[in-house]
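Dear colleague,

Please find below the structure that I am handing over to you. My notes on what was found in it follow directly after.

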Amino acid sequence: MLQKAIGILGTGAKAPDRVLTNADLERMVETSDEWIVSRTGIRERRIAAKNEAASDLAAEAAARAIAAARIDSSQIGLIICATVTPDMLFPSTACLIQAKLGLSEIPAFDLSAGCSGFAYALAVGAQLAQGGYEYVLVVGVDVLSKITDYTDRSTCVLFGDGAGAAVLGPVPEGYGILGVELGADGSGAELLKMPAGGSLKPASLDTVTQREHFIKMAGNDVFKFAVRVMDSATTAVLKKAHLSPDDVDWFVPHQANVRIINAAAARLGVSADRFYVNVERYGNTSSASIAIALDELNSADMLRDGENVVLVGFGAGLTWAALVLRWWKRGEGRG
Ligand code: UT7
């Protein structure tokens, strides 16, 4: 797919310190630990401090990824930040990350693809990594607690905050990104959105009163869409790489709901054990979720040289994205 082999050289993540448990939520809305665990698998999530913004979490995750990639930060040629909760509508959070890390005047931009954002950004970054930027910093960050309505039990139990990052760069032939499948269906835009705060409905007293600066979601419709595209996007990307689900060592899915992940595993005919799951500890962190999960796997030394890894996500847009990579581990195998 790529003319030059491009892979992930290092990963990093950062979650805020504060933990919001299901017991805490029981005191805030009419819900129960039993309902949340049985319907979603979530037990707790991390919540950013009042003065903690997307760029704060992102810069820390990015610094960790750069250190893990064992390159000097001056070698980073480009920054892409996937987020739906930027510090501000503009300037981009990627520019703020650049400044926080003290990087030189390299290009930096944000990308919005909902919870598919990190996988989308890796796909875009891999193309640009071939075009002279060499080392590309890709960050997925969301601080959904800032746009979550903590009076709406149908959404507030789901979301959490965090950031994950990866450094893309050259890897030996045969390793790295083997295939990419991206998609979108804008006819589903209404199913998951924050209605106000953009050019359609700028912030006003009325939009605040109507609670339109919070996430609105048709959970059931998104659920059905998610199960369908997790399967179809994975099947499509594996076909592009001439692989079958049996060839995949690890699936790293978007962490929205353990029932969606289990249903996708069943549809693909693979054991759910090969799907990495950490939704019980973070909830749904949107653009960050795949990045944090990948970093946990990588940091725990669970990814071996030459293993096939599928990253697959879905989200607002509606969007979906799947990537298949052959993992390159420095010092092992041909690398
Ligand atoms: O990253 C992409 C974004 N989002 C997602 O991936 C989310 C996709 N959707 C889902 O994960 C699920 O649809 C939810 C977890 C959001 C909801 O699960 P569900 O099995 O689809 O439940 P439901 O929406 O059909 O609601 C079932 C019942 C309703 O009560 P009635 O109408 O049957 O009496 C809800 O009012 O559960 C009720 N309910 C709750 N009860 C206790 C909804 N939220 C809660 C809650 N606690 N937090």
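**Salt bridges**

A search of the whole structure turns up twelve salt bridges. Please bear in mind that the model is predicted. As general background, side chains of opposite charge can pair when their charged atoms come close. Three of the pairs are described here.

Lysine 201 is paired with glutamate 212, and their closest N and O atoms are 2.5 Å apart. Lysine 201 belongs to the loop between strand S9 (192-193) and helix H7 (205-209), while glutamate 212 belongs to the loop between H7 and strand S10 (216-217), so this salt bridge ties together parts that are eleven residues apart in sequence. Lysine 201 is partly exposed, at a relative accessible area of 34%. Glutamate 212 has a relative accessibility of 13% and is counted as buried because that value is under 20%.

The second pair consists of aspartate 231 and arginine 267, with 3.0 Å between the closest N and O atoms. Since aspartate 231 sits in helix H8 and arginine 267 in helix H9, the pair ties together parts that are 36 residues apart in sequence. Aspartate 231 is buried, with 13% relative accessible area, whereas arginine 267 is partly exposed at 48% relative accessibility.

In the third pair, arginine 281 forms a salt bridge with glutamate 296, and the closest N and O atoms are 2.9 Å apart. Arginine 281 is in helix H10 (residues 279-282) and glutamate 296 is in helix H11 (residues 289-299), so parts that are 15 residues apart in sequence are tied together by this pair. Glu280, Arg281 and Glu296 are joined into one network by salt bridges that share partners. As for accessibility, arginine 281 is partly exposed, with a relative accessible area of 31%, and glutamate 296 counts as buried at 15%.

**The ligand and its surroundings**

The ligand is surrounded by 23 residues, of which Thr31, Asn220, His254, Asn257 and Asn284 are the closest. By class, this shell is made up of eleven nonpolar, eight polar and four charged residues.

Which helices each supply at least two residues of the shell? They are helix H2 (33-40), helix H6 (153-156), helix H8 (219-240) and helix H9 (258-268). H8 gives the most, with four residues. Helices H8 and H9 are also the elements that hold aspartate 231 and arginine 267, respectively.

Several polar side chains approach oxygen atoms of the ligand. A polar side-chain atom of histidine 254 is 2.7 Å from a ligand oxygen atom. For asparagine 257, a polar side-chain atom lies 2.8 Å from an oxygen atom of the ligand. In the side chain of asparagine 284, an N or O atom is 2.7 Å from an oxygen atom of the ligand. On its own, the ligand has 950 Å² of accessible area, and the protein covers 73% of this.

**Threonine 148**

One further residue deserves a note. Threonine 148 is located in the loop between strand S6 (135-143) and H6. Is this residue buried or exposed? With a relative accessible area of 3%, threonine 148 is buried, because the value is under 20%. A polar atom of the threonine 148 side chain lies 2.7 Å from the backbone oxygen of leucine 144. Apart from neighbours within four places in sequence, threonine 148 is in contact with Cys156, Phe159, Phe214 and Ile215.

With kind regards

Notes:
Residues numbered from 1 in each chain as written. Predicted model: local features only at pLDDT ≥ 70, side-chain atom pairs only at ≥ 80, totals over all residues. Heavy atoms only, no water. Near = heavy atom within 4 Å. Polar contact = N/O pair within 3.5 Å; in protein donor to acceptor, adjacent residues only side chain to side chain. Areas by Shrake-Rupley, 256 points an atom, 1.4 Å probe, with all protein chains shown as cover. Nonpolar A, V, L, I, M, F, W, Y, C, P; charged D, E, K, R; others polar. Buried < 20%, exposed > 50% of the residue type's maximum accessible area, 1.4 Å probe, protein only. Contact = heavy atoms within 4.5 Å. Salt bridge = Lys/Arg side-chain N within 4 Å of Asp/Glu carboxyl O.
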